[in-house]
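Me: I am new to reading protein structures and would like to know where the words come from. Could you show me one and take my questions?

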Amino acid sequence: MPHFYNYKNTNDFGKVAVIPKGIRRIRIGEYSILPYFTMSKVCFTLHIERLPEQEGVIKNNRNVYLQLGDGSYRTIATIYNKITDIEGTAEYTGDTKFYIAPSGYTDRNSERFIAKEGLLLFEDNVLSINHYIFGIAGILISAVLSCIVGIVVGVLLGFIQIEPYLKMWVEQ
């Protein structure tokens, strides 16, 4: 299930709240009920208490990164305001994560530090849409077959006369 992370107190931003958009607002705790699948849009609103400052000056040196299932990172947004709309696409199957991390990562090898130094905002194990289609179809087919078997067994047991045998056995 998709997991949206909220933080009560961080060093750079204070309180951080992640609010999903659309039907995925329906949650149980920090988990969304509806799963994401390949090529679906991941949309949420990021609320932060304060912007990072250096020597009293607000610095826009934090980005929101999307880590895709193949391990690559993509910059999605730069945090300029306390309320930022984030939108990304889950392009691969596998773990999809959103992080807030410093924007100074230009070297390809330094991308691995995003997960270590950044704040995790969103996490989900994205599966192919076929996984859900075949799963739901399997549940429906097994339910229909169970009903058919139940009806057939009920009809067959209706033809078998168990009561006379029980009366004969109990009377002895």
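Reply: Gladly! Two strands pair if DSSP finds at least two bridges between them, and strands (E, at least two residues) and helices (H or I, at least four) are DSSP runs numbered from the N terminus. This is a predicted model, in which local features need pLDDT of at least 70 and side-chain atom pairs count only at pLDDT 80 or more, while totals for chains, interfaces and linings use all residues. Residues are numbered from 1 along each chain as its sequence is written, and side-chain values use heavy atoms, leaving out hydrogens and water.

Me: How many helices and strands does the protein have?

Reply: There are three helices and 13 strands.

Me: What makes S3 and S6 a pair?

Reply: Five bridges join S3 to S6, and the definition asks for at least two, so they pair. The two strands run antiparallel. You can pick out Ala17 opposite His47 in S6, and Phe44 in S6 as the bridge partner of Pro20.

Me: What about S2 and S3: what joins them?

Reply: Two bridges do, so S2 (residues 7-10) and S3 also meet the minimum of at least two. They run antiparallel as well, with Thr10 opposite Gly14 in S3. A hairpin of three residues leads from S2 to S3.

Me: Which sheet do these strands belong to, and in what order?

Reply: They sit in an open sheet of four strands, ordered S2-S3-S6-S11, with antiparallel pairing.

Me: Why are S2 and S11 called edge strands?

Reply: Because each of them pairs on one side only. Across the sheet, the twist averages 30° from one strand to the next; here axes are lines fitted to C-alpha atoms (for helices, over the stretch in contact), and angles run from 0 to 180 degrees between N-to-C directions.

Me: Why is Ser40 called buried?

Reply: Its relative accessible area is 7%. Buried means under 20%, exposed over 50% and partly exposed in between (1.4 Å probe, protein chains only), so Ser40 counts as buried. Ser40 lies in strand S6 (residues 40-48). Setting aside neighbours within four places in sequence, Ser40 is in contact (heavy atoms within 4.5 Å) with Gly88, Thr89 and Ala90.

Me: Is Met39 buried or exposed?

Reply: Met39 is at 55% relative accessibility, so it counts as exposed. Met39 is in the loop between S5 and S6. Its phi is near 70°, a positive value in a residue other than glycine. Most residues other than glycine have a negative phi.

Me: Why is Ile19 called partly exposed?

Reply: Ile19 has a relative accessible area of 27%, which is neither under 20% nor over 50%, so it falls in between. Ile19 is in strand S3. The C-alpha atoms of Ile19 and Phe4, 15 residues apart along the chain, are separated by 7.7 Å.

Me: How do you know that S3 is largely enclosed by the rest of the structure?

Reply: Five of the seven residues of S3 (residues 14-20) are buried, so the strand is largely enclosed.

Me: And why does Arg62 count as buried?

Reply: Arg62 is at 14% relative accessibility, which is under 20%, so it counts as buried. Arg62 is in strand S9 (residues 62-67). Not counting residues up to four places away in sequence, Arg62 touches several residues, among them Asp12, Phe13, Pro52 and Thr78.

Me: What makes a set of residues a nonpolar core?

Reply: The members are buried Ala, Val, Leu, Ile, Met, Phe, Trp, Tyr and Cys residues joined through side-chain atoms within 4.5 Å. In the largest core, of 22 residues, Phe44, Leu46, Val64, Ile79, Phe98 and Leu121 touch the most other members. The elements giving two or more residues to this core are S3, S6, S9, S11, S12 and S13, and S6 gives the most, with four. Leaving aside neighbours within four places in sequence, Phe44 contacts residues including Phe4, Val18, Thr84 and Phe122.

Me: How much of the protein is buried?

Reply: Buried residues make up 32% of its 172 residues.
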